[in-house]
Amino acid sequence: MRIRALLLSSIVGSLGMAWAQSSGQFLFTLMDGRTFVRMLEPDWQPQFEGGFLYLTPRDRMLSVDLAAMQPVHPDDVTGRHQVKLLFRSHLGRGSQLFWVPDAYRNLEDAPHKDGFLVLGPQTLVREGIYRVVVE
C-alpha cells in the first residue's frame, strides 16, 4: 500500500514539474533583501509608470523598492547561461541565479531601461547593486 502511494505521489510530482514552465510564478527581490513569489499571467510584461511597477492594473509597487525580478521557471533557456548574483543588501543571505542571454558576457552589456538591466522580457536587475559570484 505504501509503495502505491509513493509511486502515485512521484507521478503527480513529475507532472507538476512538467507544467511549471508556464506557471506564471515570478520571483521579486526587494532592496532590503526580502523576496516573494507572485502569480501573474505567464505572458506578463513589467510596466513602469510614475515611479511604480504595475503588477496588475490595480496592483503596484514602488519601483525604488525593487532590486530584481525574474520568472521562477523560464519558458526557454536556450541561448542563455546562468549567472549567480549577490546583491549588496543580501550580504550573508545567499545569492540568486539569473538566466542571461549568451550575447551579454558582461551584465553591463545588457540593455538599460528605467534604471534596470533588461536580461529578458520578464527579467530585470537594478543597475550597480550586485556583484557577480565567480565559482
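**Exercise 1. Determine which backbone oxygens the side chain of Arg126 reaches, and describe the setting of this residue in the predicted model.**

Solution.

Step 1. Begin with the polar contacts. The side chain of Arg126 comes to 2.3 Å from the backbone oxygen of Ser63. The backbone oxygen of Leu66 is also reached by this side chain, at 2.9 Å.

Step 2. Place the residue. Arg126 belongs to strand β11. This strand, residues 123-126, runs antiparallel to β10, residues 116-120, and 4 bridges join the two. One of the pairings sets Val118 against its bridge partner Leu124 in β11.

Step 3. Consider the charge. Arg126 is buried and has no salt bridge. Glu127 has the nearest side chain of opposite charge, at 7.3 Å; a salt bridge requires a nitrogen and a carboxyl oxygen within 4 Å.

Step 4. List the surroundings. Leaving aside residues up to four places away in sequence, Arg126 touches Met31, Ser63, Val64, Leu66, Ala67, Gly115 and Phe116. Ser63 and Leu66, whose backbone oxygens were named in Step 1, are thus among the residues touched.

**Exercise 2. State how many salt bridges the structure holds, and classify the residues that form them as buried, partly exposed or exposed.**

Solution.

Step 1. The count is 2 salt bridges.

Step 2. In one of them, the side chains of Arg34 and Asp32 meet at 2.8 Å, N to O. Residues over 50% relative accessible area are exposed. Arg34 has 52% relative accessibility and therefore counts as exposed. Asp32, with a relative accessible area of 38%, is partly exposed.

Step 3. Another salt bridge joins the side chains of Arg38 and Asp59, with an N to O distance of 2.4 Å. This pair links distant parts of the chain: Arg38 lies in strand β2 and Asp59 in strand β5 (residues 59-62), and 21 residues separate them. Arg38 is partly exposed at 25% relative accessibility, and Asp59 is likewise partly exposed at 23%.

**Exercise 3. Give the order of the strands in the open sheet, and explain why one side of β2 and of β9 is left without a neighbour.**

Solution.

Step 1. The open sheet consists of 6 strands in the order β2-β1-β6-β11-β10-β9, with antiparallel pairing.

Step 2. Strands β2 (35-39) and β9 (112-113) stand at the edges; each has a single partner strand, so one side of each has no neighbour in the sheet.

Step 3. Turn to β1, which is joined to β2 by 5 bridges and to β6 (residues 66-71) by 5 bridges. Leu27 illustrates both pairings: its bridge partner in β2 is Val37, and Gln70 stands opposite Leu27 in β6.

Step 4. Examine the connection. β1 and β2 form a hairpin with 4 residues between them, and Gly33 in the turn has a positive phi of about 100 degrees.

Step 5. Assess burial. In strand β1 (residues 25-30), 5 of the 6 residues are buried, so the strand is largely enclosed by the rest of the structure.

**Exercise 4. Locate Arg105, decide whether it is buried or exposed, and give its C-alpha distance from His81.**

Solution.

Step 1. Arg105 is found in the loop between β8 (96-101) and β9.

Step 2. The relative accessibility of Arg105 is 61%, so this residue counts as exposed.

Step 3. Arg105 and His81 are 24 residues apart in sequence, while their C-alpha atoms lie 9.2 Å apart in space.

Technical notes: Residues numbered from 1 in each chain as written. Predicted model: local features only at pLDDT ≥ 70, side-chain atom pairs only at ≥ 80, totals over all residues. Heavy atoms only, no water. Pairing = 2+ DSSP bridges. Buried < 20%, exposed > 50% of the residue type's maximum accessible area, 1.4 Å probe, protein only. Lys, Arg positive; Asp, Glu negative; His and termini not counted. Polar contact = N/O pair within 3.5 Å; in protein donor to acceptor, adjacent residues only side chain to side chain. Contact = heavy atoms within 4.5 Å.
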